[in-house]
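Morning, everyone. I'd like to walk you through the empty spaces in this protein, and then through its charged pairs. Please have the structure open as I talk.

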Amino acid sequence: MPLVAGIDSSTQSCKIVVCDADDGSVVREARAPHPDGTEVHPRAWWAALEEASSGLLDGVAAIAVAGQQHGMVAVDDDGAVVREALLWNDTRSADAANDLIAELGGAGAWAEAVDNVPGASLTVSKLRWFAEHEPETAARVTGVMLPHDWLTWRLAGGEDGPVTDRGDASGTGYWSASGGEYRTDLLKRAFGREPRTPRVAAPAEIVGRTREGAAIAPGTGDNMGAALGLGLRPGDAVLSLGTSGTVFAVSDTPVRDASGIVCGFADATGRYLPLVCTLNAARVLTATAAMLDTDLAGLDALALTAEPGADGLVMLPYLDGERTPALPTATGSLHGLRRENMTPANLARAAVEGMLCGLADGLSALTDHGVPVRRVLLVGGAARSAAVRAVATTVLDVPLVVPPPAEYVALGAARQAAWALAGTAEPPTWGVSGTEVRAAPVPAPHVRERYAETRRAAHGV
């Protein structure tokens, strides 16, 4: 059977899976690390891709890349990268985002124009910061891409023009998911002029060939890749706990949220993918474990011994600033400390609850905008935590499903590659193998209520 490959170029690493194109079974896989930081030269991504793919891609007939969203890759006339890419989690452009919102007449005007409100994460804000703070370097720029666009372009030899897809393009702040077009006026407003942008390919289009002759699919953003890999249908929502935390759902209609909480993204199939993102997710747990001088297994055990609500201890886990709510300069904080509740178990529980409460609020924002959610799929590295699963059942009010651990972003990219290879109207049907772990909701509304009260008291939002 033909083989296809999917690449997940994430914040922390490059992961590649090679799959049977017919049923999605993984034949082989590999990974290589990325450097840490909020700005990284794209050559590091390429080096990791080459390391992970060495000897892995023999016999592969098609390939696709799913990459971290929003990153700003700026190039000159020769296609050379002019500065390190600013990543999604770089918050230096927060003031630039506020300026752009004010200039267009408010958040509602942006939601109407591109289904999104600028924040520090979006590419449009990063371009404004770049133009204002590094004008000499910015003057050399003639084109702008996203991380997955750049890697796809390199895979194709870097000769023809770069290509993107509607899913990743919808996270730039200058492409409209509902309108299906670039808003070059907003790009010019942000950067002062209009750099070249990648062509937006059809969802299953073959956009090039590798030097070995494998077909290249358009690729997409990492969240869109995860949706493909999980085979999401309307009514399904995903709560993903990686470096960032995301909650998203497939929708047949676009979502425009003037508050900026819900991002009105497109998916990789022609539908839409409304999404809420937090900057702080799994690393909240690793940082708390380090503070308690234990590991993640120890944190898990501690958290499970505490009662829901952590005896009144509340953590606002904004350790790296926060995207949702929009608090880019905030820091983490503990509230409700009393002598009797200052225990390692309560601190561990408060960390898990704080991380999940922000995403539970995001799920509520999706349903408030008419997105149907009948179940939640819990994925990402932190989904393996028994404490995370237990707390999730107390803060979510819909059934929870934990699929088996897998590289769902890379699997989604591979599924897109198989779709392009097949040339069919819909993606191939790949089952999510393994035994699902199900948990019925166990409400503990006081946990979310106390979290919301604490957030409002501390930050006014």
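Let's start with the second largest pocket. Its lining divides into 20 nonpolar, 11 polar and six charged residues. That is a lining of 37 residues. Keep in mind that we are looking at a predicted model.

How much volume does this pocket have? About 670 Å³. To find the centre, go to Gly260, Arg323, Thr324, Pro325 and Ala326, the lining residues that lie nearest to it. Three helices each give the lining at least two residues: α2, residues 94-104, then α12, and α15, residues 445-459. Of the contributors, α12 has the largest share, with six residues.

Now the closed spaces. The search covered the whole structure and found two cavities of 30 Å³ or more.

Take the largest cavity. The space inside is about 60 Å³. Which helix gives the largest share of the lining? Helix α12, residues 344-368, with four residues. The full lining runs like this: Thr278, Asn280, Pro317, Tyr318, Glu322, Thr324, Gly354, Met355, Gly358, Leu359 and Tyr451. By class, that makes five nonpolar, five polar and one charged. Note Thr324 in that list. Thr324 was also named at the centre of the pocket.

The second largest cavity holds about 40 Å³. Its lining includes Val144, Met145, Leu146 and Asp149. Thr164, Ala169, Thr172 and Tyr174 are also among the lining residues, as are Tyr182, Thr197 and Pro198. Here the classes are seven nonpolar, three polar and one charged.

On to the charges. Side chains of opposite charge can pair when their charged atoms come close. How many salt bridges does the model have? The count comes to 23. I'll show three pairs and one network.

Pair one is Arg189 with Glu103, at 3.6 Å from N to O. Arg189 sits in helix α8, residues 184-191, and Glu103 in helix α2, so this bridge ties together parts 86 residues apart in sequence. Are these two buried or exposed? Arg189 is partly exposed, at 34% relative accessible area. Glu103 is partly exposed as well, at 39%.

Pair two is Glu112 with Arg256, where the closest N and O atoms are 3.2 Å apart. Again, distant parts of the chain are linked: Glu112 belongs to helix α3, residues 107-114, while Arg256 is in the loop between β17 (245-249) and β18 (263-266), 144 residues apart. Arg256 is partly exposed, with 38% relative accessibility.

Pair three is Asp361 with Arg455, at 3.0 Å from N to O. This one joins helix α12, through Asp361, to helix α15, through Arg455, across 94 residues of sequence. Now look at the accessibility. Asp361 is partly exposed, at 24% relative accessible area. Arg455 is at 12%, so it counts as buried, the cut-off being under 20%. Helices α12 and α15 should sound familiar, since both supply residues to the pocket lining.

Last, the network. Which residues are linked in it? Glu39, Arg83, Asp90, Arg92 and Glu134, through salt bridges.

To wrap up, keep α12 in view. It gives six residues to the pocket lining, four to the lining of the largest cavity, and it carries Asp361, the partner of Arg455. That's my tour. Over to you.

Notes. Residues numbered from 1 in each chain as written. Predicted model: local features only at pLDDT ≥ 70, side-chain atom pairs only at ≥ 80, totals over all residues. Heavy atoms only, no water. 1 Å grid on protein atoms, 1.4 Å probe; cavity = no way out; pocket = protein on both sides within 12 Å on 5 of 7 lines; lining within 4 Å. Points joined across faces, edges and corners; volume = space filled by probe spheres on them. Nonpolar A, V, L, I, M, F, W, Y, C, P; charged D, E, K, R; others polar. Salt bridge = Lys/Arg side-chain N within 4 Å of Asp/Glu carboxyl O. Buried < 20%, exposed > 50% of the residue type's maximum accessible area, 1.4 Å probe, protein only.
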